[in-house]
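Reader: I am in my first year and new to reading models. Please pick one part and take me through it closely. Where should I look, and what should I look for?

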Amino acid sequence: MLFRSFSITVRHAILAAIFAVAMPAVCTAAPAADEGAGKPADAVKRGLAFLASRQNADGSLGRNNFQGSIGVTSIAGLALLTDDTQAAALGRAAKFVVQSQREDGYFAGQKGSMYDHGFATLFLAEALRAGKAPDGAKDALAKAVADRKSTRLNSSHLVISYAVFCLKK
(Lines give C-alpha, C1' and ligand atoms only; values in the text may rest on other atoms or scores of the structure.)
Protein backbone atom coordinates (compact mmCIF):
# COMPACT_ATOMS: atom_id res chain seq x y z
CA MET A 1 0.00 0.00 0.00
CA LEU A 2 1.35 3.41 -0.97
CA PHE A 3 0.37 4.79 2.47
CA ARG A 4 3.09 2.67 4.13
CA SER A 5 5.79 4.01 1.79
CA PHE A 6 5.52 7.47 3.39
CA SER A 7 7.45 8.41 6.52
CA ILE A 8 5.69 8.22 9.88
CA THR A 9 5.51 12.04 9.98
CA VAL A 10 3.73 12.18 6.63
CA ARG A 11 1.37 9.37 7.68
CA HIS A 12 0.48 11.33 10.83
CA ALA A 13 -0.14 14.45 8.72
CA ILE A 14 -2.41 12.42 6.44
CA LEU A 15 -4.49 11.13 9.32
CA ALA A 16 -4.60 14.59 10.92
CA ALA A 17 -5.92 16.09 7.67
CA ILE A 18 -8.65 13.50 7.40
CA PHE A 19 -9.74 14.04 11.00
CA ALA A 20 -9.51 17.85 10.80
CA VAL A 21 -11.79 18.05 7.79
CA ALA A 22 -14.10 15.19 8.74
CA MET A 23 -14.60 15.86 12.45
CA PRO A 24 -17.20 18.68 12.19
CA ALA A 25 -19.40 16.57 9.90
CA VAL A 26 -18.90 13.42 11.96
CA CYS A 27 -20.00 15.20 15.12
CA THR A 28 -23.24 16.40 13.53
CA ALA A 29 -24.25 13.50 11.27
CA ALA A 30 -25.82 10.24 12.39
CA PRO A 31 -23.94 7.18 11.12
CA ALA A 32 -25.56 4.98 8.50
CA ALA A 33 -26.55 1.47 9.58
CA ASP A 34 -23.76 -0.18 7.59
CA GLU A 35 -20.98 2.26 8.53
CA GLY A 36 -18.11 0.89 10.51
CA ALA A 37 -18.27 -2.48 8.80
CA GLY A 38 -15.24 -3.64 6.86
CA LYS A 39 -11.51 -3.36 7.05
CA PRO A 40 -9.49 -0.36 8.26
CA ALA A 41 -8.43 0.23 4.65
CA ASP A 42 -12.09 0.72 3.76
CA ALA A 43 -12.42 3.32 6.51
CA VAL A 44 -9.38 5.19 5.16
CA LYS A 45 -10.83 5.11 1.62
CA ARG A 46 -14.14 6.48 2.92
CA GLY A 47 -12.26 9.18 4.81
CA LEU A 48 -10.31 10.18 1.71
CA ALA A 49 -13.50 10.23 -0.36
CA PHE A 50 -15.08 12.50 2.24
CA LEU A 51 -11.99 14.71 2.22
CA ALA A 52 -12.19 15.02 -1.58
CA SER A 53 -15.90 15.83 -1.35
CA ARG A 54 -15.08 18.85 0.84
CA GLN A 55 -12.76 20.42 -1.76
CA ASN A 56 -13.53 24.03 -2.64
CA ALA A 57 -14.11 25.16 -6.23
CA ASP A 58 -10.60 26.67 -6.45
CA GLY A 59 -8.99 23.33 -5.52
CA SER A 60 -8.20 24.29 -1.93
CA LEU A 61 -9.39 22.40 1.12
CA GLY A 62 -10.43 23.94 4.39
CA ARG A 63 -13.38 25.79 5.82
CA ASN A 64 -13.99 28.93 7.84
CA ASN A 65 -10.67 30.45 8.98
CA PHE A 66 -8.76 27.87 6.94
CA GLN A 67 -10.57 28.32 3.63
CA GLY A 68 -7.98 28.90 0.92
CA SER A 69 -5.14 27.82 3.22
CA ILE A 70 -2.12 26.55 1.34
CA GLY A 71 -0.93 24.61 4.39
CA VAL A 72 -4.25 22.83 4.97
CA THR A 73 -4.58 22.08 1.26
CA SER A 74 -1.04 20.67 1.22
CA ILE A 75 -1.67 18.43 4.23
CA ALA A 76 -4.89 17.20 2.63
CA GLY A 77 -2.97 16.70 -0.62
CA LEU A 78 -0.52 14.45 1.21
CA ALA A 79 -3.48 12.33 2.28
CA LEU A 80 -4.94 12.26 -1.25
CA LEU A 81 -1.60 11.02 -2.60
CA THR A 82 -2.29 7.66 -0.97
CA ASP A 83 -5.40 6.83 -3.01
CA ASP A 84 -5.30 6.59 -6.81
CA THR A 85 -9.09 6.90 -6.97
CA GLN A 86 -8.74 10.52 -5.77
CA ALA A 87 -6.45 11.61 -8.64
CA ALA A 88 -8.79 14.41 -9.77
CA ALA A 89 -8.99 15.96 -6.29
CA LEU A 90 -5.23 15.57 -5.91
CA GLY A 91 -4.64 17.36 -9.21
CA ARG A 92 -6.90 20.27 -8.25
CA ALA A 93 -5.18 20.60 -4.85
CA ALA A 94 -1.70 20.52 -6.41
CA LYS A 95 -2.70 23.08 -9.05
CA PHE A 96 -4.03 25.39 -6.31
CA VAL A 97 -0.73 25.10 -4.41
CA VAL A 98 1.45 25.67 -7.51
CA GLN A 99 -0.60 28.72 -8.50
CA SER A 100 -0.19 30.22 -5.02
CA GLN A 101 3.56 30.62 -5.42
CA ARG A 102 4.92 34.16 -5.43
CA GLU A 103 7.60 35.42 -7.83
CA ASP A 104 10.31 34.95 -5.17
CA GLY A 105 9.43 31.24 -4.81
CA TYR A 106 7.54 31.58 -1.53
CA PHE A 107 4.20 29.77 -1.27
CA ALA A 108 1.94 32.40 0.22
CA GLY A 109 -1.77 32.95 -0.18
CA GLN A 110 -4.08 35.21 1.75
CA LYS A 111 -2.52 34.19 5.05
CA GLY A 112 0.93 33.11 3.84
CA SER A 113 3.30 31.83 6.46
CA MET A 114 6.21 29.45 6.84
CA TYR A 115 3.58 26.86 7.81
CA ASP A 116 2.04 27.23 4.35
CA HIS A 117 5.41 27.30 2.60
CA GLY A 118 6.80 24.27 4.46
CA PHE A 119 3.79 22.04 3.86
CA ALA A 120 3.46 23.18 0.24
CA THR A 121 7.10 22.28 -0.37
CA LEU A 122 6.68 18.88 1.30
CA PHE A 123 3.46 18.16 -0.62
CA LEU A 124 4.97 18.98 -4.01
CA ALA A 125 8.13 16.99 -3.19
CA GLU A 126 6.03 13.93 -2.26
CA ALA A 127 3.86 14.32 -5.37
CA LEU A 128 6.97 14.55 -7.53
CA ARG A 129 8.51 11.50 -5.85
CA ALA A 130 5.29 9.52 -6.34
CA GLY A 131 5.07 10.52 -10.00
CA LYS A 132 1.79 12.36 -9.43
CA ALA A 133 2.94 15.96 -9.69
CA PRO A 134 1.02 18.20 -12.09
CA ASP A 135 2.61 20.29 -14.84
CA GLY A 136 4.66 23.08 -13.35
CA ALA A 137 5.16 21.38 -9.97
CA LYS A 138 8.82 20.51 -10.54
CA ASP A 139 9.64 24.08 -11.58
CA ALA A 140 7.67 25.48 -8.63
CA LEU A 141 9.50 23.18 -6.21
CA ALA A 142 12.88 24.09 -7.69
CA LYS A 143 12.02 27.77 -7.34
CA ALA A 144 10.89 27.23 -3.73
CA VAL A 145 14.23 25.78 -2.68
CA ALA A 146 16.57 27.70 -5.05
CA ASP A 147 17.10 30.73 -2.85
CA ARG A 148 17.16 29.65 0.77
CA LYS A 149 17.34 33.28 1.91
CA SER A 150 14.08 34.19 0.17
CA THR A 151 12.36 31.17 1.69
CA ARG A 152 13.79 32.01 5.10
CA LEU A 153 15.07 28.46 5.47
CA ASN A 154 18.63 27.23 5.80
CA SER A 155 20.14 24.11 4.25
CA SER A 156 19.65 22.05 7.40
CA HIS A 157 15.84 22.42 7.30
CA LEU A 158 14.36 18.95 6.78
CA VAL A 159 11.72 19.92 4.20
CA ILE A 160 14.21 21.81 2.04
CA SER A 161 16.70 18.93 2.20
CA TYR A 162 13.98 16.46 1.26
CA ALA A 163 12.74 18.66 -1.59
CA VAL A 164 16.27 18.95 -2.99
CA PHE A 165 16.57 15.14 -2.80
CA CYS A 166 13.30 14.70 -4.75
CA LEU A 167 14.40 17.18 -7.40
CA LYS A 168 17.60 15.19 -8.01
CA LYS A 169 15.67 12.00 -8.85
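**Surface, helices and charged pairs**

Author: Start with the outside. The protein chain has an accessible surface of about 9,100 Å², and carbon and sulfur atoms hold 58% of that area. Such areas come from the Shrake-Rupley method with a 1.4 Å probe, and for residues only the protein chains shown count as cover. Keep in mind that this is a predicted model: local features need pLDDT of at least 70, side-chain atom pairs count only at pLDDT 80 or more, and totals for chains, interfaces and linings use all residues. Residues are numbered from 1 along each chain as its sequence is written, and side-chain values use heavy atoms, with hydrogens and water left out.

Next, the fold. The protein chain has eight helices and zero strands. Its pattern along the sequence reads α-α-α-α-α-α-α-α. Both terms refer to DSSP runs, numbered from the N terminus: helices are H or I with at least four residues, strands are E with at least two. The chain has 169 residues, and 43% of them count as buried. Buried means under 20% relative accessible area, exposed means over 50%, and partly exposed lies in between (1.4 Å probe, protein chains only). Now take contacts, meaning heavy atoms within 4.5 Å. Among those with a separation of 6 or more, 64% join residues 24 or more positions apart.

Now the close look: the salt bridges. In each, a side-chain nitrogen of Lys or Arg is within 4 Å of a carboxyl oxygen of Asp or Glu. By this rule there are five.

Take K143 and E103. Their side chains meet at 3.9 Å, N to O. K143 sits in helix α7 (residues 137-146), while E103 is in the loop between α5 (87-99) and α6 (114-129), so this bridge ties together parts that are 40 residues apart in sequence. The two ends differ in cover. E103 is exposed at 73% relative accessible area. K143 is partly exposed at 32%.

Another bridge joins R102 and D104, at 2.9 Å from N to O. R102 is partly exposed, with a relative accessible area of 34%. D104 is partly exposed too, at 34%.

A further pair is E126 and R129, which meet at 3.2 Å, N to O. They are three residues apart in helix α6, so about one helical turn separates them. E126 is buried, with a relative accessible area of 4%. R129 is partly exposed, at 32%.

What lies inside? Look at the largest nonpolar core, which has 28 residues. Such a core is a set of buried Ala, Val, Leu, Ile, Met, Phe, Trp, Tyr and Cys residues joined through side-chain atoms within 4.5 Å. L51, L80, V97, F107, F123 and L124 touch the most other members. Helices α3 (40-53), α4 (70-80), α5, α6 and α7 each give at least two residues to this core. The largest share comes from α5, with seven residues.

Finish on α5 itself. R92 lies in this helix. R92 is partly exposed, at 40% relative accessibility. Leaving out residues up to four places away in sequence, R92 touches Q55, D58 and G59. Pick D58 from that list. R92 and D58 are 34 residues apart in sequence, and their C-alpha atoms are 7.6 Å apart in space.
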